[in-house]
Amino acid sequence: MTESVMLALIPLPTVLPIVAAAITMVMGRHPRLQRLISLISLAAIVAVAAAMLYYTDRHGTVALQVGGWGDRDGKGGPLGITLVADQLAALMVLVSAIVLLGVLVYSVGQGIRDGDEHQPVSIFYPTYLILAAGVCNAFLAGDLFNLFVSFEMLLAASFVLLTVGGSADRIRAGVSYVMVSMVSSVIFLLGIAYAYFATGTLNLADMAIKLQDLPSGTRTTLFAVLLVAFGIKAAVFPLSTWLPDSYPTAPAPVTAVFAGLLTKVGVYAIIRAHTLLFPGGSLDTVLMIAGLLTMIVGILGAIAQTDIKRLLSFTLVSHIGYMIFGIALSTPLGLSSTIYYVVHHILVQTTLFLVVGLIERQAGAASLRRLGGLAAASPVLAILFFLPALNLGGIPPFSGFIGKVGLIEAGVQQGSVVAWLLVAGSVITSLLTLYAVIRVWTKAFWRARADAPEGQLAVAHPEALLDDADVIEFADREDPGRMPMSMVAPTAGLLGVGLILALLAGPMFSVTDRAAAQLIGRADYIEAVLGPEALAKLKTPDGAGGWHAYQPLTDARGDAPGTVAPQNREGGAHG
């Protein structure tokens, strides 16, 4: 694959779903065509993202100046929109596209809705595709304002998807979600204004060069503002209280894709800002403390829940703490393990929320007070829950265990007191996560339903088991307990991808190691956007608040002193 072909592929993950959304909007009265166009567009994004990952892993970062806009009189960074594909961005687009495709197939099997059968759903496909475009564009954005636009695309699409069905609970949750997101957007806009005032540019690569010459206090203040904005998106404690009240009210496919992807967009933004714009670890201690509190508070909230959706929402918050832990270590191994853990968590969290949708269809409820006997009633459903639950709990040999071991190893290598506290917190959180999911297993799958406190309601009035927001009209269905293969297959498929992630942990960690080297080195990204002449201005933080000339990196896993500098366009290494 040539670089010119790669440049042509970069905008497709954003353009394809937007074009498909426009077409599906026009074809609102033809749901079969809507489904076909949506599925084809997302499948195409999977193929494009796979090609992007292959190219960036072999040849390095590639940047596209949309519209051919160049420098402003040769004095500033690119004036127009910049899209940048490096290993991290390509990997995130690929995993996101796989999840988006799987959840869409699942939603087709479910009938796209959990509630009122008379609710028009023609808007679902174009909205879902706009969500997909926003996710992909966020990963590829090469400037702060384009990243802001991606967040706003996600916000608009998320509100529509959260309120599908129009029930009071969903509208209430949607309004709360929008209000919190608007606060995040306002803070992000303030950060954008501050960044432009301080550097005269919003291009990330250009800003990375210019931020080196600013006072440390200015850099720290700007980083803090952006961290608050991104921390709300990522649900980092104490900015995470909105999530458990918003996600569980949505239909199962919507909750699954939100849980799997939307918080990871915030985590990705933190990774990009921390490594590219603000290297040097000025706020690493703050991030470590936030990561520890996110882990502990989130998992304590999870073990107090009786509704599986809320329980999983709290575990989602808790495991964001692992990612913040790895970012805050500011080491190649910590960042590599974080990237691996992000991929793992996207897959396992999405799978578990899809399984909850199957539980609701099979048993009519997601409350542990009303469930029981599911293992005997549906062994397939039991397996679909049991394997990703163990994966989330970090049981070997699953990917959750592998990712956590990498993070713990990185924390031990870093060796500070706060890092050791995070190591202890990671182990405690993993044990409590295992306790939470085993509790779901014993109550929902293992015990007899007659032993559940409200299990008798299932026999006489199955339609009354769910809250008003999620009533499923069993009386109007044939085979209400049957799970459609179009729902089971994508759930099993995502489970399979998660298992492959564990089986291929060695090659996968090789990819994340190289991605971490690219991120920490910064040279490949900056050269791709600004050209090789910009490398003369690149500096590396010395850990004491100063800077020195850029030097090649050591091995990403810290095992050898060899150079692993980011690759250039021909696949070589920077000297």
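Me: Let's start with a loop: where is Pro238 found?

Reply: Pro238 is found in the loop between α9 and α10 (243-246). Keep in mind that this is a predicted model. The peptide bond leading from Phe237 into Pro238 is cis, with omega near 5°.

Me: Which peptide bond has an omega of about 10°?

Reply: That's the bond joining Pro396 and Pro397, which is cis. Pro397 sits in the loop between α16 (379-393) and α17 (399-414).

Me: What about phi? Which value does Ala235 take?

Reply: Ala235 has a phi near 65°, a positive value in a residue other than glycine. Ala235 is in the loop between α9 and α10, and its relative accessibility is 0%, so Ala235 counts as buried. Then look at Ser330: its phi is near 55°, again positive in a residue other than glycine. Ser330 lies in the loop between α13 (308-329) and α14.

Me: Is Ser330 buried, partly exposed or exposed?

Reply: Partly exposed, because its relative accessible area is 36%, and the class runs from 20% to 50%. A glycine turns up too: Gly60, just after α3, takes a positive phi of about 95°.

Me: Now cavities. How do I read those?

Reply: Rolling a probe the size of a water molecule over the atoms shows where empty space is left. In this model the count comes to six cavities of 30 Å³ or more, and the largest cavity holds about 130 Å³ of space.

Me: Which elements give two or more residues to the lining of the largest cavity?

Reply: α6 (144-162), α7 (168-199), α9 (216-234) and α11 (252-277). To find the spot on your screen, pick out lining residues including Phe151, Tyr177, Lys233 and Trp242. By type, the lining divides into ten nonpolar residues, one polar and one charged.

Me: And what is the volume of the second largest cavity?

Reply: About 90 Å³. At least two lining residues come from each of α6, α9 and α11, with the largest share, five residues, from α11. Eleven of the lining residues are nonpolar, none is polar and one is charged. Arg272, Phe230 and Leu277 are among the residues on the list.

Me: Leu277 sounds worth a click. What is its relative accessibility?

Reply: Its relative accessibility is 4%, so Leu277 counts as buried. Leu277 belongs to helix α11. Its C-alpha atom is 8.4 Å from that of Phe223, although the two residues are 54 residues apart along the chain.

Me: How should I describe a pair of aromatic rings?

Reply: By the distance of the centres and the angle of the planes. A search of the whole structure finds 17 aromatic pairs. One of them is Phe124 with Tyr128, a stacked pair at 5.5 Å centre to centre and 20° between the planes. Both residues lie in helix α5 (residues 124-140), four residues apart, about one turn of the helix. Phe124 has 3% relative accessibility, so it counts as buried; Tyr128 is buried as well, at 2%.

Me: And how are the rings of Tyr340 and Phe509 placed?

Reply: Their centres are 4.6 Å apart and their planes at 10°, so this pair is stacked. Tyr340 lies in helix α14 (residues 332-363) and Phe509 in helix α21 (residues 505-521), so the pair ties together parts that are 169 residues apart in sequence. Tyr340 and Phe509 are both buried. For a cluster, click on Phe145, Phe148, Phe151, Phe188 and Phe230, which form one aromatic cluster.

Me: Back to α5: how many of its 17 residues are buried?

Reply: 16 of the 17, so α5 is largely enclosed by the rest of the structure. You can also check its length: at 1.5 Å a residue α5 should span 24 Å, and its end C-alpha atoms are 25 Å apart, which agrees. Try that on helix α3 (residues 31-59) and its 29 residues should span 42 Å; the end C-alpha atoms are 42 Å apart, so that agrees.

Me: Last one, strands. In what sense do β1 and β2 pair?

Reply: Strand β1 (residues 62-65) and β2 pair in the antiparallel sense over four bridges. Ala63 stands opposite Val84 in β2. Along β2 (residues 82-85), Thr82 and Val84 point one way, Leu83 and Ala85 point the other way, and all are buried.

Technical notes. Residues are numbered from 1 along each chain as its sequence is written. This is a predicted model: local features need pLDDT of at least 70, side-chain atom pairs count only at pLDDT 80 or more; totals for chains, interfaces and linings use all residues. Side-chain values use heavy atoms; hydrogens and water are left out. On a 1 Å grid over the protein atoms alone, a cavity is a set of points where a 1.4 Å probe fits but cannot get out, and a pocket is an open set with protein on both sides within 12 Å along at least five of seven lines; lining residues have an atom within 4 Å of a point. Grid points are joined across faces, edges and corners, and a volume is the space filled by probe spheres set on the points. Ala, Val, Leu, Ile, Met, Phe, Trp, Tyr, Cys and Pro count as nonpolar, Asp, Glu, Lys and Arg as charged, and the others, Gly among them, as polar. Rings of Phe, Tyr and Trp (its six-membered ring) pair if their centres lie within 6.5 Å; planes under 30 degrees apart count as stacked, over 60 as edge-to-face and the rest as tilted. Buried means under 20% relative accessible area, exposed over 50%, partly exposed in between (1.4 Å probe, protein chains only). Two strands pair if DSSP finds at least two bridges between them. The expected span of a helix is 1.5 Å times one less than its number of residues.
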